[in-house]
Amino acid sequence: MIQIVQQLAFVAAIGFTGYLVTKRATFIYKNIFLGKEEEIKGDSAKRFGNMFRLAFGQQKMFDRPLVGLMHFAVYAGFLLINIEVLEIVLDGLTGQHRIFANVIPSSTYHFIVSFFEVMALAVTVSCFIFLIRRNALKIPRFHMAEMKGWPYRDANIILYAEIILMTMLFSMNASDAVLQQMGNEHYPVVGTFVISQFFVPLFSGLSETALVAVERTAWWVHILGIFAFSVYITYSKHLHIFLAFPNTYFAKLEPKGKMENMESVTNEVKIMLGMPVENTDQGNSDEMPTFGAKDVQDLSWRNVMNAYSCTECGRCTSQCPANITGKKLSPRKVMMDVRDRAEEIGKNRDANGGTFQDDGKMLYGDYISKEELMACTSCNACAEACPINIDPLGIILEMRRYVAMEESGTPQEWNMVFQNIENNQAPWAFAASDRFKWGEELRTQETKKSASDNIKA
Amino acid sequence: MTDTNFLKVPTMAEMVEQGKHPEVLFWVGCAGSYDDRYKRVITAFVKILNEVNVNFAVLGPEESCTGDPARRAGNEFLFQMQAMQNIEVLNAYEIKKIVTACPHCFNTIKNEYPALGGNYDVVHHSEFLQGLINDGRLQVDGGQAFKGKKITFHDSCYLGRANGVYQAPRTVIEALDADLVEMKRCKKNGLCCGAGGAQMFKEPEQGNKDINIERTEEALSTGAEVVAAGCPFCMTMINDGIKNKEKEKEVQVMDLAELVAESKGL
């Protein structure tokens, strides 16, 4: 009877989790595609290579070897322990216990579960160290203005949750081992495992009923914890565990210094210069395009995916020359702002029957200020630092285009530069006719070449 | 027996008139054309080109800003106007190969002109010098000027991170027999001088320090006598930083071409 109730509860839990995750994933997918379509150019083999190296292999994380190793342990633990979760799910649905123990040789089963336990220990230890790093060591990038409140809690919640999940795994296996020794027939004899054997003494004094209660509680907390976790991450910066893959796949392959050409401007410039214009789409000529980005809808979907993939580690900001010297700009905040605004637009859209109603707000101004945008040196340190190739600079430059072309809001000194380039073909106010003065002067300079030098040359 | 020659700086227009075509076009850039300090860099590079008999030409009065600062400042219209006019000139002269001593011009012409119909083989002068050294056309090993001297190299963002050129400038410095010392933040982790993205042309935003001071302090901490650079903006920023620290007597900021020219006594 209890067995049936457990099975039904399990089906309900997994169904409810599936519903919540699907709902949230659809919402995020729609938010990412608030961004404009963008043609993805370039070699897909290279893209797969990047995904394999950066997302799967976490190559850039190993720039800081110790942290890289711990992060890899947590990630590998997450991936591999999922195989055990598969067994737990099958057990939950069928009402059996350790379903795989019946199908594979017991020595193999013992080895695999022990291996998972070693991973689980590595996860636990790493999470403890990460908690210390975040909370005790005061590493500056974890305590900047944009990390106050929810982002700070979010980071800690995940670490605590991981530790609780791993503790439940050990408790579950340890109490299970004691029940096996007692000869409880529901628990197949698989022996003790490499890590949880040290937890066995904690449980060996308990009665069989109490042990079953402990084992069941640990089992349920573990699996419900995992279900809750999978819903939670869709609201959290930890979405990077999935989005790192498409994010590295779709990341820019071209040199970092390259800015994309604005086709919408090209034809107008050609007309201004009296050049022949190709491919003019007369049908669309009434519609004046917006230049640059003032809100999420003006960005590319790739920019928005970048924002959802960001795990707020702050490596970008810690390398940003503007931020290092006390300016307001923080590339991490730019990414967080894009995500927060995309969420806001998405909620507005869903509340208004699928169409976004103007809420009087914009990404530019309400989230990211002109001061932040203007402080960027376009040095690409942020893009280089990102372990999963997020490109904050692309967003900053796209927003600067809005400031310059739609708002005419660039600083006075820049307006002078524009004027000088237009009038003198140089950013400074020198006469264009003097451009080759240096060469004319050089031509009068004698160079003494000895006859032997000339022969050598 | 000495021969007195004059430095050759042929323009494309003159070349065409004589029915000649250069091996490479030297794109001088605005700083090289107008900035007194960078004119010395251009001079050094022209002397090297003359010394090793490279068949080169410049656009001279027909050259114009690439549009880089306008584009980074958000003014795409102005950028494209500049780019298209430059491409028209370059294509009319059937230019195939370009060398430039400015990483911003280098990045723009190499990466951004193709979308507007300008396709050229573009190299930065550090790569060009490296090529001359590797081919044996340029011999610098005889020079004693920098032997054993501590030189640090400041990576320009638009050469380094933007285009992945880290080794060429270092090869040139090593060829001088100099003692190349790296700053803590170098190569892909190099710290910007503070001038990129059109920052060169405006006051910085409110902060607690100027970026060039932060970088200069790092350069000075290496104990180098020379801070080598490969970019006109970096050169100005680091120079200003060194003046600010009152170290201009002890530490020089020099371009790679100047190092080579000086070691060869040009």
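How many Å separate the centres of domain 1 of chain A and domain 2 of chain A, taken over C-alpha atoms? They sit 35 Å apart, and the views below start from there. Keep in mind that this is a predicted model.

**View 1. The two domains of chain A and where they touch.**
The domain assignment splits chain A into domain 1 (2–32 + 64–249) and domain 2 (288–409). With the centres 35 Å from each other, there is still contact: 19 residues of domain 1 of chain A meet 22 residues of domain 2 of chain A. On the domain 1 side, two elements give two or more residues each, namely helix H1 (2–32) and helix H8 (240–249) of chain A. H8(A) gives the most to that side, with six residues. Sorted by class, the domain 1 side holds 10 nonpolar, five polar and four charged residues.

**View 2. Chain A as a whole.**
Here we pull back to see all of chain A, with its 20 helices and one strand. The C-alpha trace spans about 100 × 70 × 40 Å along its principal axes. For 457 residues a compact globule would have a radius of gyration near 23 Å, but chain A comes in at 30 Å. Buried residues make up 38% of the chain. Take the contacts in chain A with a separation of 6 or more, and 77% of them are between residues 24 or more positions apart.

**View 3. Helix H7 of chain A and what covers it.**
Helix H7 (residues 208–232) of chain A has 25 residues and runs 35 Å from its first C-alpha to its last, close to the 36 Å expected at 1.5 Å a residue. Which residues of H7(A) are buried? They are A:Leu211, A:Val214, A:Glu215, A:Ala218, A:Trp219, A:His222 and A:Ile223. Look around these buried residues and you'll find that their cover includes helix H3 (65–94), helix H5 (150–182) and helix H6 (200–203) of chain A.

**View 4. Chain B as a whole.**
Now for the partner chain, which has 11 helices and nine strands. Its C-alpha trace spans about 55 × 55 × 30 Å along the principal axes. Chain B has a radius of gyration of 18 Å, which agrees with the value near 18 Å for a compact globule of 266 residues. Of those 266 residues, 58% count as buried. Among contacts in chain B between residues at least 6 apart in sequence, 79% join residues at least 24 apart.

**View 5. The domain boundary in chain B.**
Chain B is divided into domain 1 (12–130) and domain 2 (140–263), and their centres, taken over C-alpha atoms, are 22 Å apart. Across the boundary, 27 residues of domain 1 of chain B are in contact with 25 residues of domain 2 of chain B. Several helices of chain B each supply at least two residues of the domain 1 side: helix H2 (29–34), helix H3 (36–51), helix H4 (68–72), helix H6 (103–112) and helix H7 (125–134). H3(B) gives the most, with eight residues. The class breakdown for the domain 1 side is 13 nonpolar, eight polar and six charged residues.

**View 6. Where chain A meets chain B.**
In this view 68 residues of chain A are in contact with 68 residues of chain B. The side of chain A that touches chain B has 34 nonpolar, 18 polar and 16 charged residues.

**View 7. A close look at B:Ala198.**
B:Ala198 is found in the loop between strand E7 (179–180) and helix H9 (211–220) of chain B. Why does B:Ala198 count as buried? Because it has 29 C-beta neighbours inside 10 Å, and 20 are enough for a residue to be called buried. Setting aside neighbours within four places in sequence, B:Ala198 is in contact with A:Trp414 and A:Val417 from chain A, plus B:Pro69, B:Arg72 and B:Ala73 from chain B. B:Gly74 is 124 residues away along the chain, yet its C-alpha atom is 9.7 Å from that of B:Ala198.

**View 8. The nonpolar cores.**
The largest nonpolar core has 155 residues, and B:Ala228, B:Ile238 and B:Ala257 touch the most other members. Helix H17 (residues 392–405) of chain A gives the most to this core, with nine residues. Zoom in on B:Ala257 and, leaving out neighbours within four places in sequence, its contacts are B:Val41, B:Ala44, B:Phe45, B:Ile48, B:Ala101, B:His125 and B:Leu129. A second, separate core of 34 residues includes A:Ala120, A:Phe130, A:Leu169 and A:Val178.

Terms used. Residues numbered from 1 in each chain as written. Chains lettered and ligands numbered in written order. Predicted model: local features only at pLDDT ≥ 70, side-chain atom pairs only at ≥ 80, totals over all residues. Core = buried A, V, L, I, M, F, W, Y, C linked by C-beta atoms within 7 Å. Buried ≥ 20, exposed ≤ 12 C-beta atoms within 10 Å, placed from the backbone. Helix = DSSP H or I, 4+ residues; strand = E, 2+ residues; numbered from the N terminus. Contact = placed C-beta atoms within 7 Å. Nonpolar A, V, L, I, M, F, W, Y, C, P; charged D, E, K, R; others polar. Rg over C-alpha atoms; globule rule 2.2 N^0.38 Å. Domains from an automatic or database assignment. Expected span 1.5 Å × (residues − 1).
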